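Here are some exercises to work through with the structure open beside you. Try each task before you read its solution.

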Amino acid sequence: MTIHQELQVHEQDRVPWGTEVPETRAEELAPRLRVEGAVQTARRPVERAVPVPAPAVTGHRFLVYKQDPSVTVLGVRPVFVPTVVLNGPTDARITTVLPNVTPVARNINGDFIFTPNSPQFDCAHTFAVVRETLTMYERHNGGDPIPFAWNVGGSTDRISVFPRAGQGANAFYSRTAKALKFLFFTPQGQPASTTVFTCRSLDIVSHETGHAVLDGLKPGWLGTGNPPQTGGLHESFGDLSAVFLALAQPDQADALVALTKANLHDKSFLSAVAEEFGAALGKPTGLRNADNDLKLSQVGNEVHAISQVFTGAIYDVLADIYAFELARQRRTKDPAVVLIEVAAALCKLLFDAIVAAPAVGAGYVDVANKMLQISASRGDPAIYRTFIRNRFAVREITTAATPLRDLLSGEMRMTEADYTGDGQDITEVEPFDERSASLLAEQDRSLCCGTMQMPEYRVIDSERLAKRDPLEDDDILRNELDELRRAFST
Ligand SMILES: [Zn+2]
């Protein structure tokens, strides 16, 4: 049992998840958390002389893998979802579908706590991670709900989450199905016990939820008629959703700081995206590595690789701002708290920049410029913009409006709030190469996740997709159906 596979309760109350609990021990635990399979007893009220305010907050506990089953340093932990969740799990935006299993019922304490890796656990886990991702972006949206692409004209249709949608080494978001689907696979030549369920990966669930959120914000971005960089923004937004969701959780931020001694460029569970999935394919740093050094000139028009360039630039900016803020606040704040605050501020900046970017055909320079302008308007120190300009320039995304001399010689003054390189706090930069294949070629999506492979985004034209509108299967076949209609009407 690792220290994380247990309740956050008194030392003598430690119980490993998923194990049978003797009746007497269950009685001790009952007031705190119901363990599946244990005999429950009534809560014993604590005597108090002074009344306490009744808590107004509703909410439920869920068990989740904080990364995935292979990342044992984090393991499975309880999380608190502070909103109303009905049996399913279902709430106002999200519902869960697993035939013969759902609706999964809350226990007597209102919690969705199940033996890890059981079908019920997979339903609760997947729901919780989708909910946490959506909630994170709604916080950055000023607390307002973010519509799914089909939530127009008063439609409140939910997104359906399928934790075990079928066999396959993939997962995807579909607008026509209004669904997130997570598949499972057994690596070739391996026993069934090695089966990888993509729904058990926080990174993968968060990535696919990121596609759904972005399709709601920017319905024109998924179409293949856009430049490869627009596709890259979609894939990158998915990976960055996983990175920012991890850093929105105090226990993950704390574990990361301890593991890396507060150096985000150390190899860690944060930069390795989808570890278990990657390991099954023989990749030691996860399916993707957010902490990479790729430049645009190295990636052609392959959208997954292009996305890694943007993800890497944002990851570098995160590490730069964290180093700066840690130096500034190290005497007054815990390093994990600084990391949580820095990550939330950068996630909000990226979110706002994407909202402000063009509705179709957006490129990396559009988002970079919006980040620079919003950062200036919200009063960030000038060095934040220097970090952003530098990192996009090093990746050959933008021209080097700020001299890179200090950065490349290792002499940049990382702790100087007003540092700009040459005294100019520029908030408008140009593309490094307007002839880049990542801007001009057709999108090659062959190595992207399942979302980017869906025919609905490849066949339906971008203008139709750009209307925030429900799509139906027949929309995918629209051209063929129109041809048939003409043929059959003569
Ligand atoms: Zn994707």
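**Exercise 1. Find out which residues of strand β5 (residues 171–174) are buried on each side, and how β5 pairs with strand β6.**

Solution. This is a predicted model, so treat each step as a reading of a prediction.

Step 1. Look at one face of β5, where you will find A171 and Y173. F172 and S174 point to the other face. All four are buried, and both faces of the strand are covered.

Step 2. Now turn to the partner strand, β6, which spans residues 179–182. The two strands run antiparallel and are joined by four bridges. For one example, follow F172 across to its bridge partner in β6, K181.

Step 3. Finish with the turn of the hairpin. Four residues lie between β5 and β6, and K178 has a positive phi near 50°.

**Exercise 2. Decide whether A255 is buried or exposed, then describe its surroundings.**

Solution.

Step 1. Place the residue: A255 belongs to helix α5, which covers residues 250–260.

Step 2. Count its neighbours. A255 has 22 C-beta neighbours inside 10 Å. The cut-off for a buried residue is 20 or more, so A255 counts as buried.

Step 3. See what it touches. Setting aside residues within four places in sequence, A255 is in contact with V73 and L74.

Step 4. Widen the view to the helix. Q252, A253, A255, L256 and V257 are buried in α5. The buried residues of this helix pack against α4 (228–247) and α8 (335–356).

Step 5. Follow the chain out of the helix. Just after α5 comes K261, with a positive phi of about 50°.

**Exercise 3. Compare A262 and A274: where does each one lie, and is each buried or partly exposed?**

Solution.

Step 1. Start with the backbone angle. Most residues other than glycine have a negative phi. A262, however, has a positive phi near 65°, and A274 has a positive phi of about 65°.

Step 2. Locate them. A262 sits in the loop between α5 and β9 (272–273), while A274 is in the loop between β9 and α6 (275–280).

Step 3. Use the neighbour counts. A262 has 17 C-beta neighbours inside 10 Å, so it counts as partly exposed. A274 has 29 inside that distance, so it counts as buried.

**Exercise 4. Find the two cis peptide bonds that lead into P89 and P103, and place both prolines.**

Solution.

Step 1. Recall the usual case: most peptide bonds are trans.

Step 2. Check omega. The bond from G88 to P89 is cis, with omega near -10°. The bond joining T102 and P103 is also cis, and its omega is about 5°.

Step 3. Find the loops. P89 lies between β2 (76–81) and β3 (94–96), and P103 lies in the loop between β3 and α2.

Step 4. Link back to Exercise 2. From C-alpha to C-alpha, P89 is 29 Å from A255, and the two are 166 residues apart in sequence.

**Exercise 5. Which elements give two or more residues to the side of domain 1 that touches domain 2?**

Solution.

Step 1. Set the bounds. The domain assignment gives domain 1 as 11–41 + 55–217 and domain 2 as 228–440.

Step 2. Look at the contact between them. Here 29 residues of domain 1 meet 25 residues of domain 2. On the domain 1 side, the elements giving two or more residues are α2 (119–140) and α3 (202–217). The largest share, 11 residues, comes from α3.

Step 3. Sort that side by class: it has 12 nonpolar, 11 polar and six charged residues.

**Exercise 6. How many residues does the largest nonpolar core have, and which helix gives the most to it?**

Solution.

Step 1. The largest nonpolar core has 123 residues. Among those with the most contacts inside it are A124, L318 and L346.

Step 2. Helix α7 (residues 303–329) gives the most to this core, with 13 residues. The core also draws at least three residues from each of domain 1 and domain 2.

Step 3. Zoom in on A124. Leaving out residues up to four places away in sequence, A124 touches F62, L63, P89, V104, F112 and F114. You have already met P89: its bond from G88 is cis.

**Exercise 7. Check how confident the predictor is along the chain.**

Solution.

Step 1. The mean pLDDT of the protein chain is 87, and 91% of its residues reach 70 or more.

Step 2. Read residues 1–40 with care, as pLDDT stays under 50 there.

Notes: Residues are numbered from 1 along each chain as its sequence is written. This is a predicted model: local features need pLDDT of at least 70, side-chain atom pairs count only at pLDDT 80 or more; totals for chains, interfaces and linings use all residues. A residue is buried if 20 or more other C-beta atoms lie within 10 Å of its own, exposed if 12 or fewer, and partly exposed in between; C-beta atoms are placed from the backbone. Two residues are in contact if their C-beta atoms, placed from the backbone, lie within 7 Å. Domain bounds come from an automatic or database domain assignment. Ala, Val, Leu, Ile, Met, Phe, Trp, Tyr, Cys and Pro count as nonpolar, Asp, Glu, Lys and Arg as charged, and the others, Gly among them, as polar. Two strands pair if DSSP finds at least two bridges between them. A nonpolar core is a set of buried Ala, Val, Leu, Ile, Met, Phe, Trp, Tyr and Cys residues joined through C-beta atoms within 7 Å. pLDDT is the predictor's confidence in each residue, from 0 to 100.
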